[in-house]
Amino acid sequence: MLATASPHLQAAARRLSLAVPVNQGCSSVRLPRRRPGRYASVRAASASAAAPPAKEGAEDLGFQEMSSGTRRRYYMLGGKGGVGKTSCAASLAVRFANDGHPTLIVSTDPAHSLSDSFAQDLSGGTLVQVEGPDSPLFALEINPEKAREEFRTASQKNGGTGVKDFMDNMGLGVLAEQLGELKLGELLDTPPPGLDEAIAISKVMQFLEAQEYSMFSRIVFDTAPTGHTLRLLSLPDFLDASIGKILKLRSKIASATSAIKSVFGQEVQQQDAANKLEQLRERMLKVRELFRDTESTEFIIVTIPTVMAISESSRLHSSLQKESVPVRRLIVNQVLPPSTSDCKFCAIKRKDQTRALDMIRSDSELMGLNIIEAPLVDMEIRGVPALKFLGDIVWK
């Protein structure tokens, strides 16, 4: 069912070699230029001289450690908007696929850019195979705007029963049933706050349970900017608490009206509904455990060397720590590579970046993380060959 990439595309990807030449006038890493019919081949030997140190920190956490493990399957990349999360996530997915892992990359960012990053239409909210990597690589863009529109349309169908059908498809039908029984159906006329995150959570549930996703040995999440990500990670706790309150309320109501229900033969039906809620609660607990499982999940913070971005990354790490989400790596993207000669702009920019990097080394939240520096490149990272190029630099 899941076809692999064509031999031609596989061969093309293999022919692309790492290169990091340095522009003496204005520092940036040059990306190999593609010529018609083939990929540019350049010397890999120059990479070590031009690329900044790959990492510094308490642990030596290279790509081999990420690829060779059998238990750590989920990687979530997040951070401030505009720092290059999608490029880093996509390059990691390509790196995993080229290392032999059937891989899935999922975007939970409402402003999707996976299609732009891979130079391929990946929209539609369904699994789409990415063309080019050596092993199967599939992408999934969760489309919250489309889901909101479907939600509004569903609320008008069949006197409102369409809402339940919609939520059933998202794996959240039990919540619709309970709201209906509590006569709160009018709350479903408009999409509730946090629908984006609820949809993403339902997909995570599918990853845990559906046979369809069992073939993927690595799943990479390109998450939304910081605020959305924190809501996503905290939603299982919120729903767990909410379901717990509903179950307690139902228990009290059932106890008070037990005799009447028995007369009308509704006891079994009510108990079955409560059982479904309990099952949903158990699934949420599994998702929460997944986020916090240091052996199966890792959250990677992506930032850029500016004071504002570093400050937000520090706050993000603090919030993730409070949620008990495992974080070990920090990617500092768009770092100016070494140069023997700087223009005035580059000299000022390098001074600012050096100050930001010093902030990381002295920040109590970030200093213990494994730091990966990703260099600034001289063109847009777009398409599998470019992502492979970036991945070979970042994920060593």
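How many of the residues of strand β7 (residues 297-303) are buried? In this predicted model, seven of its seven residues are buried, and the strand is mostly covered. The report below starts from this strand and proceeds to its neighbours, the nonpolar cores and the cavities.

**Strand β7 and its partners**

In a regular strand the side chains alternate between the two faces of the sheet. In β7, Thr297, Phe299, Ile301 and Thr303 point one way, while Glu298, Ile300 and Val302 point the other way. Residues of both sets are buried, Glu298 included.

Strand β7 pairs with β2 (residues 74-78) in the parallel sense, over five bridges. Within this pairing, Thr297 of β7 is the bridge partner of Tyr74. Strand β7 is also joined by five bridges to β8 (residues 327-335), and these two strands run parallel. Here Ile301 stands opposite Leu330 of β8, and Thr303 stands opposite Val332 of β8.

**Strand β8 and the crossovers**

Strand β8 is likewise mostly covered, with eight of its nine residues buried. Besides β7, it has a parallel partner in β9, to which it is joined by five bridges. In that pairing Val335 stands opposite Pro375 of β9.

Two β-α-β units involve β8. One consists of β7, helix α13 (residues 307-322) and β8, and it is right-handed. The other, also right-handed, is formed by β8, helix α14 (residues 344-362) and β9.

Two residues other than glycine have positive phi values, Ser324 and Gln334. They are set out below.

| Residue | Place | Phi | Relative accessible area |
|---|---|---|---|
| Ser324 | loop between α13 and β8 | near 60 degrees | 43% |
| Gln334 | strand β8 | near 65 degrees | 32% |

Ser324 is classed as partly exposed because its relative accessible area is 43%, which lies between the limits of 20% and 50%. Gln334 is partly exposed for a like reason, with a value of 32%.

**Nonpolar cores**

In soluble globular proteins, nonpolar side chains tend to be buried together. The largest nonpolar core in this model has 39 residues, and those with the most contacts inside it are Leu77, Leu92, Ile105, Phe118, Ile331 and Trp395. The elements that each give two or more residues to this core are α3 (63-68), β2, α4 (85-98), α5 (114-118), β5 (137-141), β7, β9 (370-375) and α15. Its largest share, eight residues, comes from α4.

The surroundings of Ile105 illustrate the packing. Leaving aside neighbours within four places in sequence, Ile105 is in contact with Ala89, Ala90, Ala93, Leu114, Phe118, Leu137, Phe138, Ala139, Leu140 and Val220. Apart from this core lies another, of 37 residues, and Phe207, Leu235, Phe299 and Ile310 are among them.

Helix α15 (residues 384-394), one of the contributors to the largest core, is mostly covered, and eleven of its eleven residues are buried. The buried residues of α15 include Leu387, Phe389, Leu390 and Ile393, and also Lys388 and Asp392.

**Cavities**

Rolling a probe the size of a water molecule over the atoms shows where empty space is left. A search of the whole structure finds two cavities of 30 Å³ or more. The second largest cavity has a volume of about 30 Å³. Ten residues line this second largest cavity, and Leu61, Phe63, Ile372, Val394 and Lys396 lie nearest its centre. Of these, Val394 is also one of the buried residues of α15.

Notes. Residues numbered from 1 in each chain as written. Predicted model: local features only at pLDDT ≥ 70, side-chain atom pairs only at ≥ 80, totals over all residues. Heavy atoms only, no water. Buried < 20%, exposed > 50% of the residue type's maximum accessible area, 1.4 Å probe, protein only. Helix = DSSP H or I, 4+ residues; strand = E, 2+ residues; numbered from the N terminus. Pairing = 2+ DSSP bridges. Right-handed = clockwise from strand over helix to strand, strands pointing away. Core = buried A, V, L, I, M, F, W, Y, C linked by side-chain atoms within 4.5 Å. Contact = heavy atoms within 4.5 Å. 1 Å grid on protein atoms, 1.4 Å probe; cavity = no way out; pocket = protein on both sides within 12 Å on 5 of 7 lines; lining within 4 Å. Points joined across faces, edges and corners; volume = space filled by probe spheres on them.
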